[in-house]
Amino acid sequence: MRHCSVQVRGLLTRDELDRYNALMEVGSYLESQSRYDLVYTVQQEVDLLVQPAIERLKEKGRDRDRATREYLEAKERQAQQDSESESDES
């Protein structure tokens, strides 16, 4: 069974995390029984379960990128204002 990343697991809701842990336990048991045909099905369920958390992680990244862009634009505007005020004083 393939685990999802720690970042994705951190964004699972309590219900999603409980279901994730249960599915991973079932998958581990099936692997120990060499029932890889059923492990595949369980892994597909895990992959579907974590999709909303992956989207939440992507949104956090987009929010961070947006905040960085706004900060850099504000810093650039401030630098332009500072340079304009210096040239006005001369």
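Where in the chain does Ser34 lie? In this predicted model, Ser34 is found in the loop that runs between H2 and H3. The phi angle of Ser34 is near 60°, which is a positive value in a residue other than glycine. Most residues other than glycine have a negative phi. The relative accessible area of Ser34 is 48%, and this residue is therefore classed as partly exposed, the category that ends at 50%.

With regard to the overall architecture, the secondary structure of the protein consists of three helices and zero strands, and the order of the elements from the N terminus on is α-α-α. The radius of gyration of the protein is 24 Å, whereas the globule rule gives 12 Å for 90 residues; the computed value is well over that figure, so the protein is more spread out than a compact globule. Taken along the principal axes, the box filled by the C-alpha atoms of the protein has dimensions of roughly 80 × 20 × 15 Å. Of the 90 residues in the protein, 21% are buried. Among the contacts in the protein with a separation of 6 or more, 59% are accounted for by residues 24 or more positions apart.

The surface and the charges of the protein were also examined. About 6,900 Å² is exposed by the protein, and 51% of this area is supplied by carbon and sulfur atoms. The protein carries 14 positive and 20 negative side chains, with a distance of 7 Å between the centres of the two sets.

In soluble globular proteins, nonpolar side chains tend to be buried together. In the present model, the largest nonpolar core contains 15 residues, of which Met1, Leu12, Tyr20, Val46 and Val50 touch the most other members. At least two residues of this core are supplied by each of helix H2, spanning 14–32, and helix H3, spanning 36–89. The largest share of the core comes from H3, which provides six residues.

The surroundings of Met1 involve a number of residues distant in sequence. When residues up to four places away in sequence are not counted, Met1 touches Leu23, Met24, Gly27, Ser28 and Glu31, and also Val39, Val42, Gln43 and Val46. Gln43, one of these partners of Met1, is placed in helix H3. The relative accessibility of Gln43 is 8%, and this residue therefore counts as buried, being under the 20% limit. With neighbours within four places in sequence left aside, Gln43 is in contact with Met1 and Arg2.

A buried charged residue is found in helix H2, where Glu16 is located. Glu16 has a relative accessible area of 15%, and is classed as buried because this value is under 20%. Apart from its neighbours within four places in sequence, Glu16 is in contact with Leu11, Leu49, Pro52 and Arg56. One of these partners, Pro52, is separated from Glu16 by 36 residues in sequence, while the C-alpha to C-alpha distance between the two is 9.6 Å.

A further pairing across the sequence involves Lys58, a residue of helix H3. Lys58 is partly exposed, its relative accessible area being 43%. The C-alpha atoms of Lys58 and Val8 are 9.8 Å apart in space, although the two residues are 50 residues apart in sequence.

Definitions and conventions: Residues numbered from 1 in each chain as written. Predicted model: local features only at pLDDT ≥ 70, side-chain atom pairs only at ≥ 80, totals over all residues. Heavy atoms only, no water. Core = buried A, V, L, I, M, F, W, Y, C linked by side-chain atoms within 4.5 Å. Buried < 20%, exposed > 50% of the residue type's maximum accessible area, 1.4 Å probe, protein only. Helix = DSSP H or I, 4+ residues; strand = E, 2+ residues; numbered from the N terminus. Contact = heavy atoms within 4.5 Å. Rg over C-alpha atoms; globule rule 2.2 N^0.38 Å. Areas by Shrake-Rupley, 256 points an atom, 1.4 Å probe, with all protein chains shown as cover. Lys, Arg positive; Asp, Glu negative; His and termini not counted. Charge placed at Lys NZ, Arg CZ, Asp CG, Glu CD.
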